[in-house]
Every structure is written in structure tokens, then in C-alpha cells.
Amino acid sequence: LRASPGSCSPPRMAGAYSAEKGLLGFDAHPATEEEYETFLRYADSNDGYAELYVKDGISVLSKAMENSPIKMIKIKYDFVDMAPEVIYDVLHDPYYRRTWDDHMIEGYEIRTLTATDDVGFYSVKLPFPIKNRDFVNERSWRVTDKEWIIFNHTVHEPTHPETSKYVRSISYLTGYLLRKLENGGTAFTYITQTDPRGWIPTWFINKAGSTLAPGVVRNLDKVSRTYQEWKSKPENNPEFKPWLIPDQINPPGGKGERPEGFRDPGPV
């Protein structure tokens with residue numbers, strides 16, 4: 001299932017759900033150009049979006065979707081003194097995420113599809129009495145001369161079925177779009193349509209998404225300012241950036257090239 005140019009549904013949107021297979025028909029495969037274009041339409045166009053919050057340069061919008069009662073949330077913000085190259089690295093670096101993502105229980109790559117597509121597992125802590133959630137998402141990314149893109153969506157992965165430990169959540173479409181401002185800063189756009197599933201009411205999910213959104217920007221701004229210093233230390237493998245260096249990508253059943261002096265901090 002892929003969105004046509006005029007469609008209101010995200011690419012490869014999560015469909016029927018069953019305990020036997022999970023997300024039916026949504027097996028991982030490399031993102032197509034059409035899917036990148038669909039992501040860009042949701043990120044760039046404000047058609048159908050309602051403005052929810054504007055303060056301190058942060059804009060939060062929401063859009064009703066045809067595929068689910070869960071709305072799509074969009075955040076826009078200009079990081080006037082932060083380069084997109086830095087923010088892109090922060091969003092990708094799994095070892096750095098361990099230092100700042102207080103909600104993450106576990107996060108790691110399940111398998112590589114291509115140099116710019118993988119499937120990963122992520123579990124997240126939620127406040128008691130809400131049960132913790134997990135995701136199995138395909139992630140795709142690319143860099144052009146004018147933009148930096150990362151987006152994901154939930155897929156069916158036979159090696160990682162649902163368990164009683166977590167509630168399996170659904171990312172219909174979540175992603176980041178970064179573009180360079182004339183002064184060298186970053187025009188930042190984040191979109192997400194995510195269903196945590198379980199007993200949480202839809203109205204609460206939609207309300208929480210818009211209420212918590214500004215914190216995403218503030219936290220990203222904070223951790224981006226300390227990333228380069230952190231990454232420069234030998235124990236943090238400054239030359240290791242597989243999201244930019246395809247030779248460092250893990251092939252199926254093995255590991256990609258590691259820079260001289262690489263220190264293995266454990267699985268991600």
C-alpha cells in the first residue's frame with residue numbers, strides 16, 4: 001500500500017492487526033522515491049493542519065487523518081545557531097542517545113536493508129500505571145545538497161513478535177526534515193502519527209501529542225549543543241558514523257568496517 005500523489009494516507013500505513021502476524025502486509029523493504037515524496041508533502045504542506053501552539057518560535061500543528069483517529073502532529077522550529085549536520089548526527093547516533101534519552105529502555109538495530117534503510121527495535125518507559133510500549137520500525141534516511149531526511153514506520157518483523165512485556169505501538173509515519181538556513185542554522189520540521197495502542201483514549205493521545213511536542217524541540221536543542229564535544233572523545237568513536245559512511249553499515253550476519261582505534265561500547 002503506497003500513497004498516490006493525492007492520497008491523505010501515509011505511505012505503507014499500518015493496516016489490519018492480528019496476534020498471528022501483527023501488521024498485515026507491511027514487511028520491510030527499501031523506501032521508494034514516491035515514499036520520500038509523500039513524507040515531504042506531509043512535512044512541507046500545511047493543508048488541513050490546525051495550529052495548536054505558537055510560542056518562542058515553536059509551532060505545533062495537527063491534522064486529522066483518514067487512516068486512523070490518531071492525528072498527525074507537526075512541529076516547526078528554526079535552530080538559528082545549530083547546523084543541520086550536527087542535528088542529523090544527534091538524531092542518528094545510537095550511542096549518544098543512551099546519554100540523553102531518559103525514556104528509552106532498549107534500542108537496537110534488528111537488521112540492515114540497504115545503506116540507507118534498516119529495521120530496529122525501540123522500547124520506551126511510560127509512567128505507572130501505563131504499561132511500557134515498544135516499536136519495530138523500518139527507518140529510512142538520506143542527505144541531499146539541500147535537505148537531511150529521516151523517517152520511519154512500523155513493520156511486521158517475524159523475529160520480533162509482540163510479547164507480554166510491552167504493548168506494541170504503531171508509527172504510521174514519523175520523521176525529521178532538516179534544511180539549512182541562510183545563516184547556517186537549521187529549519188527543523190518533525191511530523192508523527194503514532195498510536196500507542198492499549199486502553200489509552202484517543203482524545204488523550206491527540207492532546208498529549210500536542211502538549212508534549214515543544215519539549216521535543218527544547219531537548220533536541222540542549223543535547224545538540226553538547227554533541228560535538230562528546231563525539232570528539234576517543235571513547236565515543238569520533239570517526240564512526242555509519243549513517244554517513246556506508247562502509248561502516250552492518251551487513252547481514254556481520255559487521256561493517258570500523259575506524260582505527262574503534263572502541264566497542266556494546267550492541268545498540
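## Cores and salt bridges

Asp-134 and Arg-168 are both buried. In this predicted model, their side chains form a salt bridge, with N and O 2.7 Å apart. The pair joins distant parts of the chain, since Asp-134 lies in strand β8 and Arg-168 in strand β10 (residues 167-168), 34 residues apart.

The whole structure has 13 salt bridges. Three of them are listed here.

| Pair | Closest N to O distance |
|---|---|
| Asp-134 and Arg-168 | 2.7 Å |
| Asp-101 and Arg-97 | 2.8 Å |
| Arg-225 and Asp-221 | 3.0 Å |

Asp-101 counts as buried because its relative accessibility is 9%, under the 20% limit. Arg-225, at 43%, is partly exposed. Arg-225 and Asp-221 are four residues apart in helix α4, so about one helical turn separates them. Salt bridges also link Asp-44, Glu-147 and Arg-179 in a network.

The largest nonpolar core contains 30 residues, and Val-90, Phe-188 and Leu-220 have the most contacts inside it. Elements that each supply at least two of its residues include β5 (72-79), α2 (84-92), β12 (186-195) and α4 (202-231). Helix α4 gives the most, with six residues. Beyond its neighbours within four places in sequence, Phe-188 is in contact with residues including Ile-75, Tyr-77, Phe-79, Tyr-176, Leu-178, Val-217 and Leu-220.

Apart from the largest core lies another of 15 residues, among them Ala-43, Tyr-49, Met-65 and Ile-149.

On the surface, Val-143, Leu-244 and Ile-245 form a nonpolar patch with about 230 Å² of accessible area together. Val-143 belongs to strand β8 (residues 133-143) and is partly exposed, at 41% relative accessible area.

Key: Residues are numbered from 1 along each chain as its sequence is written. This is a predicted model: local features need pLDDT of at least 70, side-chain atom pairs count only at pLDDT 80 or more; totals for chains, interfaces and linings use all residues. Side-chain values use heavy atoms; hydrogens and water are left out. A nonpolar core is a set of buried Ala, Val, Leu, Ile, Met, Phe, Trp, Tyr and Cys residues joined through side-chain atoms within 4.5 Å. Buried means under 20% relative accessible area, exposed over 50%, partly exposed in between (1.4 Å probe, protein chains only). Contact means heavy atoms within 4.5 Å. Patches are made of residues with over 30% relative accessible area and no salt bridge: like charges are joined within 9 Å, nonpolar side chains (Val, Leu, Ile, Met, Phe, Trp, Tyr) within 5 Å. Accessible areas come from the Shrake-Rupley method with a 1.4 Å probe; for residues, only the protein chains shown count as cover. A salt bridge is a side-chain nitrogen of Lys or Arg within 4 Å of a carboxyl oxygen of Asp or Glu.
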